Amino acid sequence: MNRQVRRVGLALTVMFIALFAIASSIQVVRTQSLYQDARNVRAAYETYKTQRGSILVGQEEVVVSGAVNDQYRFLREYDSVLYSPVVGFFSVFTGSAGIERSMNSLLAGQSSAQFFEQINALLDGNPVTGAAVELSLDPELQRAAWDALGNRKGAVVALEPATGRILAMVSKPTFDANLLSGHEYEPVNAAYRAYLEDEDQPLINRAIAGDLYHPGSVFKLVVAAAALESGRYSTTTTFENLADYRLPGTTTTIQNSSGKTCGEGTLVTLEQALIRSCNIPFAMLAVDLGQDRIRAQAELMGFSDDLAIPLSVTPSTYPQEMELSQVALTGFGQFDVRVSPLQMAMVTAAIANQGVLMKPQLVDQVVASNLNVLSQLSPQVLSSPMSRETAALITRMMVDSVEFGAATNAGISQVAVAGKTGTAQNGVEDPYTLWFTGFVPAESPEIVVTVVVEDGGGIGQNGTGNQIAAPIAKAVMRVVMDR
Amino acid sequence: MSNVSLTSAIPLLLKAVPRSRNFEAVLLFWVAGIHAFALSQIQLAVNQVMSWDMLLYWAPPTVSAWILHYVLRKYALNADGLLLPLAFLLNGLGIAMIYRLDLAEITRGGTDLFAERQVWLSCFAMLIAAVVVRLIPNPLTLRRFPYLAGAGAVILLMLPAAPVIGRTVNGATLWVGIGELSFQPGEIAKILLAIFFAGYLVSRKGPLSEIGSRVLGMKIPGAKDLGPVLLFWVASIGVLVIQRDLGTSILYFGLFLVMIYTATGRAFYVGIGMVMMITGALVASRLFDYVGSRFESWLNPLSQENYTAAGGSYQLVQGLFGMAHGDVIGSGLGSGFPQLIPLAESDFIFAALGEELGLAGVFAILAIYLLIVYRGLRVANTHQDEFSKLLALGLAFVIGLQVFIVCGGVMGLLPLTGLTTPFLAAGGSSLLANWSIIGLLLVLSDSSLKRVSA
């Protein structure tokens with residue numbers, strides 16, 4: 001009978017192995033998918049129990065979770081609307097956005113980096129306290145950008161070209177996250193609905209997301225880089241100096257923004273065309289270079305790339321399979337070229353940093369509640385889109401542009417500012433999109449600033465990038481220069 | 001012993017019986033410590049402070065376990081030293097989880113509390129186990145009344161279907177109740193059935209294992225010997241129809257098959273039995289809605305249709321969510337959300353523990369069950385007397401199979417059934433039955449080394 005007993009034992013062992021296996025499948029393999037099932041309320045409940053980590057800017061807490069006496073135990077409080085586009089919001093009812101969303105697991109204390117804290121919490125029975133996230137933003141620069149942009153719609157991005165650290169990121173109009181983090185459903189939902197229905201889309205961080213913008217003339221920096229990198233052009237390469245240019249294969253003609261030729265003479269150099277920001281030479285250049293070369297250059301600088309800083313950045317696009325006439329238009333950033341302000345800041349930063357593009361980053365460090373540093377910003381090279389020489393040549397042209405060209409309103413006395421303006425058309429009757437992108441000081445750049453102003457800065461088709469965007473950038477750059 | 005490989009070492013390890021009562025005492029200290037730790041962790045996690053309340057949930061079961069230990073010292077000195085501490089460990093863990101769910105219930109303002117009741121029922125069940133040890137020093141006395149046991153089992157099984165006292169809970173007619181008191185007679189019936197099978201099979205072993213004819217190289221017993229198999233199959237299907245519970249039906253039929261196989265050594269019985277059972281279950285799933293919907297929920301638990309259907313997969317899926325939330329190390333006792341699972345204190349206590357103790361805890365709990373089953377099988381393996389062998393095997397198997405059906409059901413491996421989780425789930429009948437099984441196994445292990453005669 002003992003043989004049968006052993007076999008029964010074996011059968012039971014097999015049954016239990018099946019139980020071990022199915023338990024492992026639920027608690028290891030299927031964990032994520034079950035946890036993320038929309039019907040599973042545990043994920044939401046979990047976040048209420050923890051004291052969420054703070055978000056800091058320049059050693060100051062700008063977002064904190066304060067203890068309150070209700071079922072959610074902690075209320076998320078936001079210090080200032082200045083940081084709303086970056087920090088986002090964290091709501092019991094309407095989800096989350098910004099840093100609150102992309103750094104959620106660390107803020108909530110649930111990331112794998114907090115494993116030992118979780119073990120501790122398991123033993124002493126107290127829930128984990130979330131980690132604090134320190135942003136790379138500079139409060140003084142953020143304030144300066146905010147004030148300079150004033151009541152206009154648009155965005156300002158400032159970054160450190162040598163490291164990629166983002167020093168300022170402003171988007172207007174924006175929202176008050178305190179209205180969304182409340183614990184009563186009705187007011188939160190009403191505020192959220194109002195923001196969603198607002199035509200100006202205040203919930204969107206225009207610096208990195210939304211519908212993006214036509215770059216207009218600031219895109220000439222990309223085309224110029226492509227031209228110089230191709231080896232077929234130098235700054236002194238000349239183009240026929242026309243007042244009217246017929247787009248290849250069409251009867252449509254285009255003009256320079258002045259309506260005249262690009263300066264005196266029958267020929268114009270690439271250098272002059274960039275400094276004066278003339279459209280016709282760049283249209284010809286684009287046709288001559290070809291769309292593939294320009295797209296390749298753009299993609300080296302981050303176009304079409306999914307970037308997480310850690311906020312996810314909407315990829316900028318350079319169109320595919322165009323007619324020659326359309327390629328000509330992209331030469332000065334029209335047709336279907338669409339960019340985010342951050343993307344233009346990256347193009348500028350690559351020029352400023354001698355041809356090396358650093359990955360833009362927003363988080364300096366993450367510090368656990370036990371003061372362990374969980375992660376720290378380390379500068380990363382994203383690509384090397386141009387040679388040191390090309391970068392130096394473009395820098396010189398941008399400096400000239402500020403000194404006596406199309407970007408004079410960005411000039412700061414006794415400092416060499418490099419800059420490029422843009423005044424992009426959006427439709428026959430629509431107001432322009434106004435741009436400035438540049439850096440300072442030109443010889444050893446400390447800060448890159450990119451400004452975009454929507455709706456022609458409120459004066460329709462009468463404003464230019466130089467008139468409206470350049471002074472905003474200048475205000476931010478001055479702060480650094482005055483230090 | 002010089003060059004023992006790992007695989008050959010396992011049987012050796014299993015043979016080394018810790019019979020010492022002192023060893024048992026040391027383990028009981030440890031287990032009581034684990035219970036105290038669990039209870040204090042729960043209080044800290046839920047209430048942020050410890051209070052003396054926990055003595056109520058800790059002291060009475062501990063005292064009862066020590067009483068059982070004392071009775072063993074006195075009347076069954078050579079009984080297995082692991083069974084009591086292991087079963088007590090699970091019992092206390094169950095009480096801790098039920099207490100934890102009570103605290104959650106209090107927090108949300110409810111009044112459905114189970115822990116205190118569970119404490120006293122556990123004490124009662126352990127004392128009954130002590131009584132079993134004291135009153136049945138020689139298990140062979142049980143052999144004298146197989147038909148009495150069999151009849152008792154049948155009556156108990158029929159009770160829930162009886163008018164007035166029968167009760168249907170969650171679609172399964174497994175309960176009898178008078179006023180506030182309710183009882184699951186099926187739990188006790190499984191012990192009586194094991195006694196009946198053991199007695200019956202030992203006396204009829206010869207005919208049942210005789211060779212009838214050979215078909216395709218397999219030995220088939222004569223038609224008259226198939227009679228009991230058929231009869232019991234019909235009875236099991238009857239249980240399924242009357243009690244509306246597939247789990248109970250499979251449990252009894254499985255017990256029967258394994259015991260007839262062990263007694264006769266004919267794998268044929270298991271083969272034909274399983275075919276009959278599966279056929280029966282499939283036919284039942286077609287004929288009866290309540291079986292069919294259980295199957296549907298089992299095959300497709302996450303579909304929105306089953307999730308929202310009345311009696312659908314909501315409970316199962318909540319259990320899965322909980323276990324997934326527990327991950328590998330668990331949320332920690334008191335830090336998960338097991339209160340979100342319907343009936344977390346009884347049918348789904350395994351999922352509740354899986355959430356707060358994680359895969360590590362699930363493995364530990366299953367390993368403890370497996371160890372209890374192995375200890376029982378060990379008694380069957382070493383006992384000199386055939387009746388005792390069969391009885392020990394049946395009792396050990398019934399615990400193992402029940403755990404498999406319940407935990408397999410909770411984790412979606414099998415269709416969900418109405419069986420209880422031994423030692424863990426809230427409920428007196430289950431505690432009483434399973435502690436009685438422990439009592440019987442202890443007695444059987446005590447006598448396994450002796451030459452015994454009827």
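What follows is a short tutorial dialogue on reading this predicted model.

Student: What should I know about the numbering and the cut-offs?

Tutor: Residues are numbered from 1 along each chain as its sequence is written, and chains are lettered from A and ligands numbered from 1 in the order in which they are written. Since this is a predicted model, local features need pLDDT of at least 70 and side-chain atom pairs count only at pLDDT 80 or more, while totals for chains, interfaces and linings use all residues.

Student: What pLDDT does chain B average?

Tutor: pLDDT is the predictor's confidence in each residue, from 0 to 100. Chain B averages 85, and 87% of its residues score at least 70. For the complex, the predictor gives an ipTM of 0.91 and a pTM of 0.63.

Student: How many residues does each chain bring to the contact?

Tutor: Two residues are in contact if their C-beta atoms, placed from the backbone, lie within 7 Å. Here chain B brings 45 residues and chain A brings 33.

Student: Which helix of chain B gives the most to that side?

Tutor: Helices are DSSP runs of H or I with at least four residues, strands are runs of E with at least two, and both are numbered from the N terminus. On the side of chain B that touches chain A, α2 (21-47), α9 (246-264), α13 (314-326), α14 (349-382) and α15 (386-410) each supply at least two residues. The most comes from α14(B), with twelve residues.

Student: Why is helix α12 of chain A called largely enclosed?

Tutor: A residue is buried if 20 or more other C-beta atoms lie within 10 Å of its own, exposed if 12 or fewer, and partly exposed in between, with C-beta atoms placed from the backbone. In α12 (residues 279-289) of chain A, eight of the eleven residues are buried, so the helix is largely enclosed by the rest of the structure. Among the buried ones are A:Phe282, A:Leu285 and A:Leu289. Right after α12(A) comes A:Gly290, with a positive phi near 90°.

Student: And sheets: which order do the six strands of chain A take?

Tutor: Strands of a sheet pair through backbone hydrogen bonds, either parallel or antiparallel. Two strands count as paired if DSSP finds at least two bridges between them. In chain A, six strands form an open, mixed sheet in the order β3-β2-β1-β6-β16-β17. At the edges stand β3 (74-78) and β17 (373-376) of chain A, each with a single partner strand, so one side of each has no neighbour in the sheet.

Student: How many bridges join β16 and β17 of chain A?

Tutor: Strand β16 (residues 363-367) of chain A pairs with β17(A) in the antiparallel sense over three bridges. A:Val367 has A:Val373 of β17(A) as its bridge partner.
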